[in-house]
Amino acid sequence: MDRICNAVLDRIFDLSPAGRYVIIAEDEFYEAFPDGSQKTYDELERVLSSLRGGGYIDLKYSRGDMYCVAPLKKYVEEEIELPEEEPETKERKPDFTFLSAFAGSALGSLIVALIFALI
């Protein structure tokens, strides 16, 4: 949620408790806009439709420059949970394939050496 949506939602909660409808003029929404933001009708419609789509407000009607709005829930910034890093303790397991290949080659070399020694 951007800062304009957050400011408008705060203004709606200032004027009405959760779930109660209140009639708000367009100028009151523009007063809630942060400094440096565009205070246009299109921007206000974008903000209200974004809040309504997110389930933060219920817009009953809008006629002219008057809006009937009810706040539903406050915006709570989601906390990103990072997985805890566990220290890696690797247990050294014997590699049986390597050990059997090594033992086989050693045994083969021993047999060849015995054959040459006896001949």
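A residue is called buried here when its relative accessible area is under 20%. Cysteine 68 has a relative accessible area of 6%, so this residue counts as buried in the predicted model. Cysteine 5 sits below the same kind of cut-off, with a relative accessibility of 2%, and is therefore buried too. Do these cysteines pair up? A disulfide is a covalent bond between the sulfur atoms of two cysteines. The structure holds 0 disulfides. For cysteine 5, the nearest cysteine sulfur belongs to cysteine 68 and lies 20 Å away. A disulfide calls for sulfur atoms within 2.5 Å, so that spacing rules one out.Charged side chains tell another part of the story. Side chains of opposite charge can pair when their charged atoms come close. By the rule used here, the count comes to 2 salt bridges. One of them joins arginine 11 and glutamate 31, whose closest N and O atoms are 3.6 Å apart. This pair ties together distant parts of the chain, since arginine 11 belongs to helix H1 and glutamate 31 to helix H2 (residues 26–32), 20 residues apart. Glutamate 31 has a relative accessibility of 56%, so this residue counts as exposed.

The other pairing is between arginine 46 and glutamate 43, with 2.6 Å from N to O. Both residues lie in helix H3 (residues 41–53), where 3 residues, about one turn of the helix, separate them. The two partners differ in how much they show: arginine 46 is partly exposed at 35% relative accessible area, whereas glutamate 43, at 15%, counts as buried because the cut-off for that label is under 20%.

Serine 16 turns up in the loop that runs between helix H1 (3–15) and strand E1 (22–25). Despite this loop setting, serine 16 is buried, with 5% relative accessibility. Its side chain reaches the backbone oxygen of arginine 20 at 2.6 Å. Leaving aside residues up to four places away in sequence, serine 16 touches Tyr21, Val22 and Pro71.

On the surface, a nonpolar patch of about 630 Å² is built from Leu107, Leu110, Ile111, Leu114, Ile115 and Ile119. One of these residues, isoleucine 111, is placed in helix H4 (residues 96–118). Isoleucine 111 has a relative accessible area of 44% and is therefore partly exposed, falling between the 20% limit for buried and the 50% limit for exposed.

Notes: Residues are numbered from 1 along each chain as its sequence is written. This is a predicted model: local features need pLDDT of at least 70, side-chain atom pairs count only at pLDDT 80 or more; totals for chains, interfaces and linings use all residues. Side-chain values use heavy atoms; hydrogens and water are left out. Patches are made of residues with over 30% relative accessible area and no salt bridge: like charges are joined within 9 Å, nonpolar side chains (Val, Leu, Ile, Met, Phe, Trp, Tyr) within 5 Å. Accessible areas come from the Shrake-Rupley method with a 1.4 Å probe; for residues, only the protein chains shown count as cover. A salt bridge is a side-chain nitrogen of Lys or Arg within 4 Å of a carboxyl oxygen of Asp or Glu. Helices (H or I, at least four residues) and strands (E, at least two) are DSSP runs, numbered from the N terminus. Buried means under 20% relative accessible area, exposed over 50%, partly exposed in between (1.4 Å probe, protein chains only). A polar contact is a pair of N or O atoms within 3.5 Å; within protein, one must be able to donate a hydrogen and the other to accept it, and residues adjacent in sequence count only if both atoms are side-chain atoms. Contact means heavy atoms within 4.5 Å.
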